[in-house]
Amino acid sequence: MTTLVLTLVGDDRAGIVAAVATVVDAAGGNWGSSQLAELSGAFAGIVEVSVPDDRADELREALSGMEGLVTVAAVGAASAAQAPARHLALQVLGNDHPGIVREITAALSAHGLSIDRMTTEVRDAAMSGGSLFEASIEARVPAGLDVNDVRGELERVAAEIQVDLTVS
């Protein structure tokens with residue numbers, strides 16, 4: 001079996017996920033992990049699919065022919081057996097302003113952490129009339145790294161950019 005990671009982008013409409021799932025099934029594929037969302041009227045998703053080796057090109061071609069949907073099908077990396085990863089979970093909340101994602105992710109990157117999952121949202125702040133930025137991040141911690149060093153750097157950055165940060 002070949003693992004493909006599909007990136008899907010198009011105008012949001014009813015039935016788009018069902019249409020992609022039908023194409024995957026027709027190629028003998030199996031839908032695995034996925035993250036799908038509607039953002040500003042656009043559909044965006046990333047899907048891990050396993051498909052028989054001899055049908056991977058068939059699936060790619062069928063996906064590229066879907067009207068109104070831009071797809072990229074990349075071969076997933078084989079995962080080697082390794083020790084369970086340590087993770088760091090972050091919650092960020094503050095008044096929305098440019099640079100929050102840049103500063104937090106730069107601090108993680110500087111310590112060699114890799115982001116496994118990240119969700120962000122901007123919503124109206126009920127009392128102030130402004131906008132609140134919220135992020136949830138799960139990052140993989142490299143072996144041998146002292147998590148307290150990362151925590152200290154993240155707390156310094158959070159104070160500097162004036163956001164609340166919870167690290168667990």
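This is a short tour of a sheet, a helix beside it and some charged side chains. Keep in mind that the model is predicted.

**Stop 1: the sheet.** Start by selecting β6, β7, β5 and β8. These 4 strands form an open sheet in just that order, with antiparallel pairing. Look at β6 (114–124) and β8 (164–167): each stands at an edge with a single partner strand, so one side of each has no neighbour in the sheet. On average, neighbouring strands are turned by 10° against each other, direction ignored.

**Stop 2: a pair of strands.** Now show β6 together with β7 (residues 131–141). The two pair in the antiparallel sense over 10 bridges. Find Ile 115, and opposite this residue you will see Ala 139 in β7.

**Stop 3: the helix across the sheet.** Add helix α3 (residues 100–110), which lies across β5 (86–95), β6 and β7 and runs at about 160° to β6. Click on Val 101 in helix α3. Val 101 is partly exposed, with a relative accessible area of 35%. With Ile 115 and Met 118, Val 101 forms a nonpolar patch on the surface, and together they have about 210 Å² of accessible area.

**Stop 4: charged partners.** Move on to helix α4 and select Arg 156. Which side chains meet Arg 156 in a salt bridge? One is Glu 153, at 2.8 Å from N to O, and another is Glu 160, at 2.9 Å. Shared partners join Glu 153, Arg 156 and Glu 160 into one network. Glu 160 is exposed, at 53% relative accessible area, while Arg 156 is partly exposed, at 41%.

Notes:
Residues are numbered from 1 along each chain as its sequence is written. This is a predicted model: local features need pLDDT of at least 70, side-chain atom pairs count only at pLDDT 80 or more; totals for chains, interfaces and linings use all residues. Side-chain values use heavy atoms; hydrogens and water are left out. Two strands pair if DSSP finds at least two bridges between them. Axes are lines fitted to C-alpha atoms, for helices over the stretch in contact, and angles run from 0 to 180 degrees between N-to-C directions. Contact means heavy atoms within 4.5 Å. Patches are made of residues with over 30% relative accessible area and no salt bridge: like charges are joined within 9 Å, nonpolar side chains (Val, Leu, Ile, Met, Phe, Trp, Tyr) within 5 Å. Accessible areas come from the Shrake-Rupley method with a 1.4 Å probe; for residues, only the protein chains shown count as cover. A salt bridge is a side-chain nitrogen of Lys or Arg within 4 Å of a carboxyl oxygen of Asp or Glu. Buried means under 20% relative accessible area, exposed over 50%, partly exposed in between (1.4 Å probe, protein chains only).
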